[in-house]
Amino acid sequence: MNQILMLIMATGAAAGGIDRIFGNKYGYGAKFEEGFMLLGPTALSMAGMICIAPVLSNILGKIIIPFYQMIGVDAGMFGSFFAIDMGGYQMAKELEINPQAGSYAGIVAAAIFGCTVVFTIPVGMGMIDEQDRPAFAKGIMLGIVTMPAGLFAGGVLCGLSVLECFRLNLPTFFLAVFLFMGLWKIPAKMIRIFCSFAGVIRLIITVGLILAAVEYMCGFNPVKGMAPITDAMETVSGIGIVMLGSLPAAEFLQRILKKPFLMLGKRIGINSAGMTGLLVGMVSAIPAISMIRDMDECGKVANAAFLVSAASLLAAHMGFTLSTEPELLGALVGAKLSGAAAAFLLTICLENREKRTASGERRFAGVKEKI
């Protein structure tokens, strides 16, 4: 499967590059360029965390490892609390006891749960308009509820048993329940907490980048044990190379699925912006989040739920996996698609039921008025 996906990415890169040579006649050349241009933002958002991850692992490990040992969970699973490309993988591998569990935590769990906690929720709550936040929060809750579908699917594809997946994800499940209850009971306070948390993560990333850059240029770093910035940039470069092919391939996928998706959207009650957002979100969460203002209510909820598992699958996360542990690419894809599909189906079922209930109540109210 990995070879097939790599062939698809390579074909996308070749098609995008050739289109660029001939003046970007079909639009794939622009996506080829965009993949390369994303190197800067990608490096800025993750290089600092990759560099400082060993230091954080050393500090947090003194607390986390005994606690995780007490509850029978591999300490590497702590890496799943951070996004795969924001230090989650490095932290999982630094803290791991069982390499298989560490790889699962750093690739699969970090790409779903970690990405949601440190990226999708805080960035989404900060970007969208205030009137759209309730729908976004509702979608996130539904995505968290169905997240175990992706975590279990990915674990099995990694070679873990269902029981092992459940045991390893115990802390994740407890935090997921906490987030769910917080978004349900006190959404306004949770929004403020998420935004503050995002600020802390950004601060850590920036400090790590400053220290690593100074060490590279001057050979001095007051914080010992950090990973060299050249290692971080090598990882970022690997992601950028994959995005040269993944973005043109995703553009092709979006075009061939546009009409079927629009037809499906009409049947299930989601407008064109909502259906397009699902495809865009698998490439990058940020443009999908920016489209939420143009979606109908069902589309807003469905996209937020879908992003919990599917965010950045076809670009950054696929690229990161191929540059670190390519043999786990099938597990990553299976996990993110399983969780996203479960979230989408649950959302559509609940939203349609609410629409039918509301419609029935209006008809009943109309009958009462006539009587």
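**Entry 1. Terms and model**

I take contact to mean heavy atoms within 4.5 Å of each other. I note at the start that the model is predicted.

**Entry 2. The whole protein**

I looked up the secondary structure and found 15 helices and zero strands in the protein. I then looked up the radius of gyration, which is 21 Å, close to the 21 Å that the globule rule gives for 371 residues, so the protein is as compact as a globular protein of that length. Along its principal axes, I read a span of about 85 × 60 × 40 Å for the C-alpha trace.

How much of the protein counts as buried? I find 51% of the 371 residues in that class. The area that the protein exposes comes to about 17100 Å², and carbon and sulfur atoms supply 68% of it. For the contacts, I took pairs of residues at least 6 apart in sequence; 73% of these join residues at least 24 apart.

**Entry 3. Helix α4**

I turned to helix α4, which runs over residues 84-95. This helix is mostly covered, since I count 10 of its 12 residues as buried under the cut-off of 20% relative accessible area. I listed the buried residues of α4: I84, D85, M86, G87, G88, Y89, Q90, M91, A92 and L95. What covers them? The cover includes α3 (39-71), α5, α9 (187-218) and α14 (313-324).

I picked T321, which lies in helix α14, to follow one case. T321 has 0% relative accessibility, and because buried means under 20%, T321 counts as buried. I left aside its neighbours within four places in sequence and found T321 in contact with I84, I107, P326, L328, L329 and L332. One of these, I84, is on my list of buried residues in α4.

**Entry 4. K93 and its partners**

I looked up the salt bridges and found seven in the structure. K93, E96 and E325 are linked in a network of them. In one pair, the side chains of E96 and K93 meet at 2.9 Å, N to O. In another pair, E325 bridges to K93, with the closest N and O atoms 3.7 Å apart. This second pair links distant parts of the chain: K93 is in helix α4 and E325 is in the loop between α14 and α15 (329-370), 232 residues apart.

Which of the three are buried and which partly exposed? E96 is partly exposed at a relative accessible area of 22%, and K93 is also partly exposed, at 25%. E325 has 8% relative accessibility and therefore counts as buried.

**Entry 5. S103**

I followed K93 to another residue, S103, in helix α5 (residues 99-127). The side chains of S103 and K93 are joined by a polar contact of 3.0 Å. Is S103 buried or exposed? I read a relative accessibility of 9%, so S103 counts as buried. Apart from its neighbours within four places in sequence, S103 is in contact with K93, E96, V108, E325 and L328. I note that this list includes K93, E96 and E325, the members of the salt-bridge network.

**Entry 6. D132 and K300**

I checked another salt bridge, in which the side chains of D132 and K300 meet at 2.6 Å, N to O. D132 lies in the loop between α5 and α6 (133-157) and K300 lies in helix α13 (residues 297-310), so the pair ties together parts that are 168 residues apart in sequence. Both ends are covered: D132 is buried with a relative accessible area of 4%, and K300 is buried with 11%.

**Entry 7. A patch on the surface**

Last, I looked at the outside. I18, I21 and F22 form a nonpolar patch on the surface. Together they have about 360 Å² of accessible area. Where is F22 found? I place F22 in the loop between α1 (2-21) and α2 (28-37). F22 has a relative accessible area of 55%, and because exposed means over 50%, I enter F22 as exposed.

Conventions
Residues numbered from 1 in each chain as written. Predicted model: local features only at pLDDT ≥ 70, side-chain atom pairs only at ≥ 80, totals over all residues. Heavy atoms only, no water. Helix = DSSP H or I, 4+ residues; strand = E, 2+ residues; numbered from the N terminus. Buried < 20%, exposed > 50% of the residue type's maximum accessible area, 1.4 Å probe, protein only. Polar contact = N/O pair within 3.5 Å; in protein donor to acceptor, adjacent residues only side chain to side chain. Patch = residues over 30% accessible without salt bridge, like charges linked within 9 Å, V, L, I, M, F, W, Y side chains within 5 Å. Areas by Shrake-Rupley, 256 points an atom, 1.4 Å probe, with all protein chains shown as cover. Salt bridge = Lys/Arg side-chain N within 4 Å of Asp/Glu carboxyl O. Rg over C-alpha atoms; globule rule 2.2 N^0.38 Å.
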